[in-house]
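User: I am new to this structure and should like to understand the reasoning behind the terms used for it. Please take me through them one at a time.

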Amino acid sequence: MRYGLLIVPDLCIGCRACQVACKSWNGLPAEKTKNRGTHENPLDLTGYTYNRIRYIEKITPKGEVQWLFVSQRCRHCGEAACVKVCPVGAIQKDEATGIVFYDKNTCIGCQACNQACPFKIPRYDKEGKVSKCHMCIDRVKAWLVPACAKTCPTGAIRFGKREELLDWAKKERYKVIHGEKELGELGVMFALSQEPKYYELVEKPVVREDLIALGQILRVLAAKKVPITKSIIKRLFA
Amino acid sequence: MAALAESFGRGAMTNQYNDLKNADVILVMGGNPAENHPVSMKCILKAKKERGAKLIVVDPKFTKTAAKADLYIPIRPGSDIAFLGGLIKYIIDNELYFKDYVVNYTDASFLVDPNFKGPEDLEGVFSGYDPKSRKYDKATWKYQLDENGVPKKDPSLKDPNCVFQLLKRHYSRYTLDMVSEITGAPKDKILKAYEIIASTGKPNKVATVCYAMGWTQHTVGVQNIRAMSIAQLLLGNIGMAGGGINALRGESNVQGSTDQGLLYHILPGYLPVPKASEKDLKTYFEKNTPTTKEPKSLNWWKNRPKYIVSLLKAFFGDNATKENDFCYDLLPKVDDGKTYSWYDLFDAMIKGKVKGFFAWGQNPACSSANAGKVREALVKLDWLVHVNLWDTETSSFWKGPGMDPKKIKTEVFLLPCACSVEKGGSVTNSGRIAQWRYKAVEPPGEAKPDAEIIDELFKRIRALYQREGGAFPDPILKLNWDYGKDHVDTKLIAKEMNGYFTTDILEHPINKKAYRKGEQVPNFTLLLDDGRTACGNWIYSGSFPAEGNLMARRGKEDPTGLGLFSNWAWCWPLNRRILYNRASVDPYGKPWDPERAVIKWDDQVKKWVGDVPDGPQPPLAMEGGVLPFIMKPSGMGTIFGVGLSDGPFPTHYEPVESPFPNVLYKKVRFNPVAKISDTPLDKLILGADPKYPYVATTYRVTEHWQTGVMTRHTDWLLELEPQMFVEISRELARKLGIKSGDKVWVISPRGKVWAIAIVTSRIKPLKVMGHTCHVVGLPWHYGWRWPEDGSGGDSANLLTPPTYDPNTMIQETKCFAVNIVKAK
């Protein structure tokens with residue numbers, strides 16, 4: 001049974017309780033930030049920030065202001081490029097739930113997963129180990145709702161069986177369900193009343209076709225203890 | 001709260017957070033729930049989604065709440081009464097008011113003394129104004145009475161002296177053009193808002209209003225809320241599910257603190273603090289017990305003597321007897337005509353009149369308007385006791401910016417206290433729901449719950465008095481104080497608040513039942529004025545009866561489907577969830593809107609069903625029936641509010657520090673009775689000054705709480721909002737050559753703070769009286785003490801003005817004059 005998150009920007013009030021709950025549950029340290037002329041912070045995902053809310057200001061053709069709040073995080077792809085490309089199997093897909101999780105102990109820090117990710121999500125901690133949203137797999141396996149969904153006061157982050165989330169979004173007549181069909185059906189979907197581009201989401205995420213082959217090669221190299229470094233990966237993806 | 005008490009009878013949010021889901025129209029003005037009350041947005045968004053409710057946001061900046069609105073209207077800070085006055089005019093001119101409600105349940109039909117004159121007659125002031133004392137003589141602010149002492153009425157609402165006609169005349173110049181000129185809001189949007197709000201003047205349509213400090217922190221704060229109260233009464237939206245006026249309070253337990261008499265002028269349960277001239281209990285009763293000749297008015301405050309006597313019995317126990325006026329002499333009294341507000345305290349310190357100060361759970365060095373003055377006031381003290389979770393800008397004032405520790409003699413004591421999860425007790429939310437909570441963890445180190453600190457302090461002071469005597473030891477020595485030997489048991493305090501019988505009663509005069517000495521009082525309807533009952537706070541009477549602590553209940557039943565959840569915790573008064581609910585039915589007890597019936601009269605069993613009715617008496621038109629606003633002597637919702645200091649009708653005055661003239665009244669620019677501090681450290685700009693050309697306002701963000709003492713110490717929150725900022729429009733930024741992220745100085749006549757500029761489309765310059773008005777906004781969460789490297793900045797209150805609402809002494813921190821320059 002695939003589980004997932006459905007994110008509804010129309011219901012999001014930008015309170016960022018999800019950002020804090022994520023840090024709290026995962027024991028992630030705060031980052032020393034500055035105000036850089038925006039309320040958004042930190043300014044990007046990092047090895048210690050798995051989920052952040054983007055504040056997007058828009059002016060409509062009529063001159064009205066709009067303010068959108070959009071979560072940026074791992075989408076838990078059905079056909080996950082990161083899983084395919086990882087030379088050591090540090091990132092895996094949980095068969096039972098569809099959650100894409102990882103094992104820092106196995107990770108060799110080559111950063112192929114970030115290069116391969118159509119959303120450019122995976123980040124790396126100070127030790128160079130992979131970090132990203134794992135949909136609170138530890139909670140989910142204990143029949144608990146992920147921390148972000150648990151804390152969201154308005155129902156803008158919904159956790160549940162993927163099919164049921166889809167049914168709900170369709171019943172509510174959202175214009176677009178971003179992630180319904182993309183990349184082998186995403187685990188983290190967005191229910192939208194405008195086109196994905198409007199929310200600055202990757203409109204048509206694509207995975208490079210040569211990735212599977214590349215992953216196979218990397219795995220062979222890794223098995224033969226050939227060091228796979230960041231610079232090699234960068235060159236391979238260039 | 002003063003406005004709600006004046007209009008409806010009680011100083012509290014009328015409905016509940018989860019009742020917002022029942023509304024057809026939600027007006028958010030003077031508040032920003034998405035930012036400051038995020039959980040309430042769940043209900044607001046539910047109303048939008050499930051009922052198709054319209055959300056209207058009126059605010060100087062496009063807020064997070066505005067981001068969810070159907071209609072957003074920008075408005076100049078301090079022009080709310082112009083906007084709301086225009087709404088009242090629109091409702092009246094287009095006859096969109098709910099006539100049955102207005103005639104039966106409000107004072108609209110009451111005739112007013114013909115000598116009463118309003119600002120339209122007197123060029124900006126009401127009758128009775130004395131420019132020397134800057135006060136009103138309210139002799140003419142009254143209803144005409146018939147030979148029986150009952151207000152004269154004209155149910156046709158046509159008499160030129162009736163409240164309705166006076167109201168109509170008062171707002172006759174609040175045209176769309178005028179409103180737009182004053183507020184800077186576009187006319188088409190103002191009209192659209194009026195249309196939507198006024199569409200609820202029907203029995204089966206309801207609008208609710210959410211406000212917060214954006215309405216209260218003005219020199220016309222009370223009148224802002226009064227204006228909306230009048231509009232809601234005209235539309236028949238008070239007492240209804242999905243209606244009311246909802247004061248979204250700024251702190252989790254601020255309603256509870258007010259209920260307990262934290263303010264200087266009220267004792268627990270909204271009993272007035274005695275004045276020096278009220279020399280005995282009899283005089284106090286005479287001056288403070290409202291009377292009425294209105295035959296159908298319940299006039300609940302007629303019971304005040306029962307509540308004050310029971311309070312005195314709780315305070316002084318067996319020492320309080322009929323013979324000694326129940327120790328009334330031991331209560332502190334205030335001098336007649338004097339205020340002892342928060343701001344009076346610091347002015348008194350500056351003048352050297354106050355030498356010692358307990359700053360308990362607060363951080364005035366950052367939270368007070370003109371905070372620079374407060375910091376100087378602390379220098380004048382002999383001693384300062386600071387009870388807090390952390391060392392703050394207040395406790396460390398002596399080493400703050402511009403201070404020379406060598407020259408400061410104030411002795412500072414910092415007492416660490418427990419935080420909310422480290423102690424048990426009750427918390428009363430905005431909707432008056434008192435919920436019991438439990439200690440989760442022990443407080444760290446030497447930290448103690450506040451109650452324990454007070455308990456120990458009291459016991460030591462009492463021992464000192466016992467040993468050494470003193471000028472007036474009785475108030476301490478005769479106090480009835482027994483909340484546990486080593487530790488305070490908060491349940492004992494709660495039980496005292498509920499009240500108990502002080503003696504065996506064989507036959508209670510009210511219900512004829514027998515009660516034993518020490519037994520808990522069932523509720524306040526059984527309190528007595530002869531000393532046989534003690535009650536620490538009459539409005540909480542019923543929360544902890546003999547059957548147990550009802551505040552600890554967690555029942556999830558919701559039989560009406562309205563979200564009343566009557567078995568969840570306990571709600572004052574008498575577990576009534578929606579106040580004034582007798583106004584939600586017609587005079588025969590039939591709900592105006594049967595689909596959202598809060599209560600209804602069951603003819604078969606001759607009883608009300610639904611919520612706890614606001615008075616158990618039968619419907620108005622039946623035998624024994626009473627009027628719906630039982631706390632008002634008139635029994636009516638009050639449009640003509642004579643209890644306030646600044647006028648029976650709200651009228652537009654400019655903020656004290658406004659660059660604009662008052663286009664309505666050339667001779668009276670700002671509230672003629674506004675309070676203004678006058679120490680040498682209180683500097684003000686009166687009139688337009690090119691040195692301070694911009695209108696500033698302050699607000700809060702989700703991530704920080706108040707002065708940020710708790711949240712600046714929470715790294716995850718500081719990560720999100722790390723630094724002092726000022727939000728400015730793209731147009732002003734262009735004019736000043738400022739880019740988003742630049743460091744700037746914001747300067748007012750009182751001080752200056754640095755801030756990071758956030759240049760945004762969410763604030764727009766407004767066209768006001770033909771001029772461009774630039775609005776800038778700042779949070780007041782930061783302080784020099786933490787983060788320790790000073791990277792957070794300092795408080796916006798270093799800039800804010802020492803001008804106050806004359807009724808409440810709340811500061812006008814929502815509009816003041818500043819300049820902005822780019823930091824080098």
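Analyst: The model is predicted. In chain A, four strands form an open sheet in the order 8-1-10-9, and their pairing is mixed.

User: What makes strand 8 and strand 9 of chain A the edge strands?

Analyst: Strand 8 (157-161) and strand 9 (176-178) of chain A each pair on one side only. Two strands count as paired if there are at least two bridges between them. The twist from one strand to the next averages 25°.

User: How do you know that strand 1 and strand 10 of chain A pair, and in which sense?

Analyst: Three bridges link strand 1 (residues 3-7) and strand 10 (residues 188-192) of chain A, and the sense is parallel. The cut-off is at least two bridges, so the two strands count as a pair. Within these strands, Leu5(A) is placed opposite Val188(A) of strand 10 of chain A.

User: Which helix lies across these strands?

Analyst: Helix 6 (residues 162-171) of chain A lies across strand 1, strand 8, strand 9 and strand 10 of chain A. Its direction is at about 130° to strand 8 of chain A.

User: Which element of chain B gives the largest share of the side that touches chain A?

Analyst: In total, 30 residues of chain B are in contact with 28 residues of chain A. Helix 20 of chain B gives the largest share of the side of chain B that touches chain A, with six residues. By class, that side of chain B has 17 nonpolar, six polar and seven charged residues.

User: Why are helix 4 and helix 7 of chain B called roughly antiparallel?

Analyst: Helix 4 (residues 80-93) and helix 7 (residues 176-183) of chain B pack at about 165°, and their axes are 9 Å apart. Angles over 145 degrees count as roughly antiparallel, and therefore helix 4 and helix 7 of chain B are described in that way. Their crossing is left-handed. On helix 4 of chain B, the contact is made by Ala82(B), Phe83(B) and Gly86(B); on helix 7 of chain B, by Leu176(B), Val179(B), Ile182(B) and Thr183(B). The contact of these two helices has five nonpolar, two polar and no charged residues.

User: What makes helix 14 of chain B oblique to helix 16 of chain B?

Analyst: The axes of helix 14 (residues 342-350) and helix 16 (residues 371-379) of chain B come within 8 Å and cross at roughly 50°. Roughly parallel requires an angle under 35 degrees, and roughly perpendicular requires 65 to 115. The crossing meets neither condition, so helix 14 of chain B is oblique to helix 16 of chain B. This crossing is left-handed. Phe346(B), Met349(B) and Ile350(B) of helix 14 of chain B meet Lys373(B), Val374(B), Glu376(B) and Ala377(B) of helix 16 of chain B.

User: Where is Tyr580(B) found, and what is notable about its phi?

Analyst: Tyr580(B) is in the loop between strand 17 and strand 18 of chain B. Most residues other than glycine have a negative phi. Tyr580(B) is not a glycine, yet its phi is positive, at about 60°. Pro573(B) is also found in the loop between strand 17 (570-571) and strand 18 (599-602) of chain B. The peptide bond from Trp572(B) to Pro573(B) is cis, with omega near -10°.

Technical notes
Residues are numbered from 1 along each chain as its sequence is written. Chains are lettered from A and ligands numbered from 1 in the order in which they are written. This is a predicted model: local features need pLDDT of at least 70, side-chain atom pairs count only at pLDDT 80 or more; totals for chains, interfaces and linings use all residues. Axes are lines fitted to C-alpha atoms, for helices over the stretch in contact, and angles run from 0 to 180 degrees between N-to-C directions. Two residues are in contact if their C-beta atoms, placed from the backbone, lie within 7 Å. Ala, Val, Leu, Ile, Met, Phe, Trp, Tyr, Cys and Pro count as nonpolar, Asp, Glu, Lys and Arg as charged, and the others, Gly among them, as polar. A crossing is left-handed if the near helix is turned anticlockwise from the far one by less than a right angle, and right-handed if clockwise.
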